[in-house]
Every structure is written in structure tokens, then in C-alpha cells.
Amino acid sequence: MANQRFTFRHSLMRKFAIHTIMDKFTGFPAGELRFTSVPDLFFARLLPQIDSLAELKVTLHFLWVHYRQARQVISYNELLTDETLTQSLALMDEEIENALRQGLTRAVERGTLLYAQVDDDNGRHDLYFLN
């Protein structure tokens, strides 16, 4: 068991070392900071159930965009081109689109996000809403 744990930890560390060298967080600056609301229900009921890092990152990012920009709907393409989200997901998986799809799928299956597919003159759009 100890050898299996070491092998897993070693391969995980190697995977992250290939992707990036961690920058040390210097702390929150003094003065006025912007804040994002996160519903208490997220911490009480949702967070204890989330077992996927992709789902957690996508959910928190969705909450951030939803409350910061007062957005009711966010398209898949908008999420895929969001630099903050894609940088975060790239630390987990070289295939950013794979990590995004995994996170969105888990969040929809859990009921955190709602999904709709809409066709218009510009094509098909995958849309997500906070439930």
C-alpha cells in the first residue's frame, strides 16, 4: 500500500511539474478588494459532495462570472475562451477542452448548472445556467 501511494504521489507530482512551476501567492493586498458572493448553500451542501477538481474549478468560476457580470447564461464557447478558467484547467489536463467538458458535465449531473442547446442562424450553442 505504501509503495502504491508513493507511486501515485510521484506520478502526480511529475505531471504537475511538467505543466508549471508554482508561483508563490504573495497574499491579498492591503486596501479595498473586490469580493464575489458565494451562497452559503455552496459550502453547506454542494462543496462536501464535489469530488472532481474540474467540477470544483468550473463551478467556482461560473459563480464568479455569474455574480461579477450579473450574467444569467454563459455559453460553452465563452467558457472555453475565458483566459482565467483555461489557465486554471490547463494545470489539470493538457487538453483544456476535456477538463472543461468534464467539469461542466459533472456540474450538470449534480444539478448545480442547467444546460440547454439552442440553434439559431449562427449555429448551435451550448448554454449553461446557474440552478
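Q: In which strand does Phe129 lie?
A: Phe129 lies in strand β3. Helices (H or I, at least four residues) and strands (E, at least two) are runs assigned by DSSP and numbered from the N terminus. The model is a predicted one, in which local features need pLDDT of at least 70 and side-chain atom pairs count only at pLDDT 80 or more, while totals for chains, interfaces and linings use all residues. Residues are numbered from 1 along each chain as its sequence is written, and side-chain values use heavy atoms, with hydrogens and water left out.

Q: How should one read the sheet, and in what order do its strands stand?
A: Strands of a sheet pair through backbone hydrogen bonds, either parallel or antiparallel. Two strands are taken as paired if DSSP finds at least two bridges between them. Here an open sheet is built from three strands in the order β1-β3-β2, and the pairing is antiparallel.

Q: Why is one side of β1 and of β2 left without a neighbour in the sheet?
A: β1 (73-75) and β2 (113-120) are at the edges and have a single partner strand each, so one side of each is without a neighbour in the sheet. On average, neighbouring strands of this sheet are turned by 35° against each other, direction ignored. For such angles, axes are lines fitted to C-alpha atoms, for helices over the stretch in contact, and values run from 0 to 180 degrees between N-to-C directions.

Q: How many bridges join β1 to β3, and over how many do β2 and β3 pair?
A: β1 and β3 (residues 123-130) run antiparallel and are joined by three bridges. Within this pairing, Ser75 is opposite Leu127 of β3. β2 and β3 are also antiparallel, over eight bridges. In β3, Asp126 is the residue opposite Gln117, and Gly123 is the bridge partner of Asp120. A hairpin of two residues leads from β2 to β3.

Q: Which helices pack on or lie across this sheet?
A: Contact is the guide here, and it means heavy atoms within 4.5 Å. Helix α3 lies across β1, β2 and β3, and runs at about 90° to β3. Helix α6 (residues 96-110) packs on the sheet and touches β2 and β3; the direction of α6 makes about 115° with that of β2.

Q: Is Glu55 buried or exposed?
A: A residue counts as buried under 20% relative accessible area, exposed over 50%, and partly exposed in between (1.4 Å probe, protein chains only). Glu55, found in helix α3, is buried, with a relative accessible area of 0%. Apart from neighbours within four places in sequence, Glu55 is in contact with Ile50, Gly103, Arg106, Ala107 and Arg110. Glu55 and Leu100 are 45 residues apart along the chain, yet their C-alpha atoms are separated by 8.3 Å.

Q: What is the relative accessible area of Phe129, and which residues does Phe129 touch?
A: In a regular strand the side chains alternate between the two faces of the sheet. Phe129 has a relative accessible area of 29% and is therefore partly exposed. Residues up to four places away in sequence are not counted; beyond them, Phe129 touches Phe62, Gln72, Val73, Thr112, Leu113, Leu114 and Ala116. His66 is 63 residues away from Phe129 in sequence and 8.9 Å away in space, C-alpha to C-alpha.

Q: Where does Ala70 lie, and what is the value of its phi?
A: Ala70 is in the loop between α3 and β1. The phi of Ala70 is near 50°, which is a positive value in a residue other than glycine. Ala70 is exposed, since its relative accessible area is 62%.
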